[in-house]
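Reader: I should like to go through this model by way of questions on its domains, its core and its ligand shell. Please show the sequence and the structure before we begin.

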Amino acid sequence: MTATLIDGKAFAAALRARLAEEVAGLAGRGLVPGLSVVLVGEDPASQVYVRSKERMAAEAGMVSIAHRLPAETAQDDLLALIRTLNAEPTVHGILVQLPLPAGLDAQAVVLAIDPAKDVDGLHPINAGNLASGVPALVPCTPSGCMMMLRDRLGDLSGANAVVVGRSNLMGKPMAQLLLAANCTVTVAHSRTRDLPAVCRSADILVAAVGRPRMIGADWIKPGATVIDVGINRLPPEPGADKGKLVGDVDFEAAKEVAGAITPVPGGVGPMTIACLLDNTVEAACRANGISRG
Ligand SMILES: Nc1nc(=O)c2c([nH]1)NC[C@@H]1CN(c3ccc(C(=O)N[C@@H](CCC(=O)O)C(=O)O)cc3)C=[N+]21
């Protein structure tokens, strides 16, 4: 069996095209959605993502401003920037790129963000609303995964979904969204007993552990839908300057067993950025009392 490829890159491009139309309509009414991305330190991978977010926001007709701060930035200075962005009416979305350099308290920074501008959906108000079934700003990566699952499977009711990974940014909100879609949800992690057997019970398998190619073919139920959230850079081959980007799933092996699978790159990553733009439009509309169609 050879799996259907879930083309996140194409899906994201279509979503961004729809957003560009919506943004053009909003701009005609004098509202230009604005996103501020805060990047502390010089992590090269983070710099690539932040540039990509800026470019795609601009292509969708939105304003995106990156704030680049040195790794030695003091906690109070970072909090002061967040407070300035909270008070700035042209900024509708604030994203602080994680992880922060050592010495900075990410929890305190997230708490300082106005929940209405928290386009990462990390503030406890948004996380709590999601868990309570109240409309919330939902973390971008899980939203992108849900869009691809709904597109592929339609109704998810009754499906056995296994999420491997329990981070606040991905595993936990993913589990909440799957639960809200009436799946039977298992959240597995590094201490789970017999992880391969747990994964093999999944009709929907979402891998978000950050271990390159950990999930092999024999961990996958034949015909399952596999969403690979991992973005792992392998060490470069001799002579190459950049290592290969791989997921948490051994794609070449898994595609012979799964019913459908997302590739890395070109799967969840591009959807994350498109959903970030969607959240920014959502925040801008809510701030201005505009209901989206
Ligand atoms: N507060 C916060 N929110 C985030 O959402 C967040 C973060 N911090 N810190 C870093 C991670 C990483 N992340 C990615 C987004 C898009 C791609 C992406 O588009 N990847 C391309 C390939 C990019 C490449 O070639 O390097 C793809 O998968 O096709 C990757 C990674 C968001 N993150």
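The questions and answers below take up these topics in turn.

Author: The model is predicted: local features need pLDDT of at least 70, side-chain atom pairs count only at pLDDT 80 or more, and totals for chains, interfaces and linings use all residues. Residues are numbered from 1 along each chain as its sequence is written.

Reader: What distance separates the centres of domain 1 and domain 2?

Author: The domain assignment gives domain 1 (30–115) and domain 2 (140–269), with bounds that come from an automatic or database domain assignment. Taken over C-alpha atoms, the separation of the two centres is 27 Å.

Reader: Which helix gives the largest share of the largest nonpolar core?

Author: A nonpolar core is a set of buried Ala, Val, Leu, Ile, Met, Phe, Trp, Tyr and Cys residues joined through C-beta atoms within 7 Å; a residue is buried if 20 or more other C-beta atoms lie within 10 Å of its own, exposed if 12 or fewer, and partly exposed in between, with C-beta atoms placed from the backbone. The largest such core has 89 residues, and V163, L205, V206 and L277 have the most contacts inside it. Its largest share, 10 residues, comes from residues 268–287, which form helix α10.

Reader: Which residues does L205 touch, not counting those up to four places away in sequence?

Author: Two residues are in contact if their C-beta atoms, placed from the backbone, lie within 7 Å. With that sequence exclusion, the residues touched by L205 are V162, C199, I220, A224 and V226.

Reader: Why is helix α7 described as largely enclosed, and which of its residues are buried?

Author: Helices (H or I, at least four residues) and strands (E, at least two) are DSSP runs, numbered from the N terminus. Helix α7 (residues 171–180) has 7 of its 10 residues buried, so it is largely enclosed by the rest of the structure. The cover over these buried residues includes α5 (124–132), α6 (140–153), β5 (160–164), β6 (184–188) and β7 (204–207). The buried residues of α7 are G171, P173, M174, A175, Q176, L177 and L178.

Reader: Which elements give two or more residues to the shell around the ligand?

Author: A residue is near the ligand if its C-beta atom, placed from the backbone, lies within 6 Å of it. In all, 19 residues surround the ligand, the closest being Q97, L98, P265, G269 and T272. The elements giving two or more residues to this shell are α2 (44–59), β4 (93–96) and α10.
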